[in-house]
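Good morning, colleagues. Please bring the sequence and the structure up on your screens, and I shall begin with a term that the discussion requires.

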Amino acid sequence: MTEDDAKLLGQRIGLCEKIAGSRSALATQTGISARTLENYRHGRNDPKASACVAIAHAAGVSIEWLLTGQG
């Protein structure tokens, strides 16, 4: 994943946090810690596939949109 891809994914994760109501709410819904979501959000760590699926599901967005910004 390029640095730009990670930045864009982080932005979409940020939007998922807003959809869920907050980072804390998304953490509760996904079982992913708020700290880990923050790391994904700022590109410090790349999320695993299972985390991406959980985030997309919790926010009600497609996995394709979360990963690519399309769909």
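A residue is called buried when its relative accessible area is under 20%, exposed when that area is over 50%, and partly exposed in between. The model before you is a predicted one. With that cut-off in hand, consider Asn-39, which lies in helix H3. Its relative accessible area is 18%, under the 20% limit, and therefore Asn-39 is buried. Setting aside residues up to four places away in sequence, Asn-39 touches Arg-44 and Asn-45.

Let me widen the view to the helix itself. Which residues of H3 are buried? They are Leu-37, Asn-39 and Tyr-40. These residues lie on the same side of H3, because the arc they cover around the axis is only 160°. The cover over the buried residues of H3 includes H1, H2 and H4. Just after H3 comes Gly-43, with a positive phi of about 75°.

I turn next to helix H2, residues 23-30. Here Leu-26, Ala-27 and Thr-30 are buried. Around the axis they cover an arc of only 105°, so they sit on the same side of H2. Among the elements covering the buried residues of H2 are helix H1 (3-20), H3 and H4. At the start of H2, Ser-22 places a side-chain oxygen within 3.4 Å of the backbone nitrogen of Ser-24. After H2 comes Gly-31, and its phi is positive, near 80°.

Now to the charged pairs. How many salt bridges does the model contain? The count comes to 2. One joins the side chains of Glu-17 and Arg-23, at 2.9 Å from N to O. Is Glu-17 buried or exposed? Glu-17 is counted as buried, because its relative accessibility is 8%. Its partner Arg-23 has a relative accessibility of 26% and so counts as partly exposed. The other salt bridge links the side chains of Arg-44 and Glu-38, with an N to O distance of 3.4 Å. Glu-38, at 24% relative accessibility, counts as partly exposed. Arg-44 has appeared already, as a residue that Asn-39 touches.

The next residue for your attention is Pro-47. Where is Pro-47 placed? Pro-47 is found in the loop between helix H3 (34-41) and helix H4 (49-59). Although this is a loop position, Pro-47 is buried, since its relative accessible area is 14%. Leaving out residues up to four places away in sequence, what does Pro-47 touch? The contacts are with Leu-9, Ile-13, Tyr-40 and Cys-52. Of these, Tyr-40 was named earlier among the buried residues of H3. As for distances along and across the chain, Pro-47 and Asp-4 are separated by 43 residues in sequence, and their C-alpha atoms are 15 Å apart in space.

Finally, I come to the surface. Val-53, Ile-63 and Leu-67 form a nonpolar patch there, and together they have about 240 Å² of accessible area. Leu-67 belongs to helix H5, residues 63-68. With a relative accessible area of 45%, Leu-67 is partly exposed.

To close, I return to the two helices with which we began. In H2, the buried residues Leu-26, Ala-27 and Thr-30 are on the same side of the helix. In H3, Leu-37, Asn-39 and Tyr-40 are buried, and they too share the same side of their helix. Thank you for your attention.

Notes
Residues are numbered from 1 along each chain as its sequence is written. This is a predicted model: local features need pLDDT of at least 70, side-chain atom pairs count only at pLDDT 80 or more; totals for chains, interfaces and linings use all residues. Side-chain values use heavy atoms; hydrogens and water are left out. Patches are made of residues with over 30% relative accessible area and no salt bridge: like charges are joined within 9 Å, nonpolar side chains (Val, Leu, Ile, Met, Phe, Trp, Tyr) within 5 Å. Accessible areas come from the Shrake-Rupley method with a 1.4 Å probe; for residues, only the protein chains shown count as cover. A salt bridge is a side-chain nitrogen of Lys or Arg within 4 Å of a carboxyl oxygen of Asp or Glu. Helices (H or I, at least four residues) and strands (E, at least two) are DSSP runs, numbered from the N terminus. Buried means under 20% relative accessible area, exposed over 50%, partly exposed in between (1.4 Å probe, protein chains only). Contact means heavy atoms within 4.5 Å. The arc is that of the directions from the helix axis to the C-beta atoms. A polar contact is a pair of N or O atoms within 3.5 Å; within protein, one must be able to donate a hydrogen and the other to accept it, and residues adjacent in sequence count only if both atoms are side-chain atoms.
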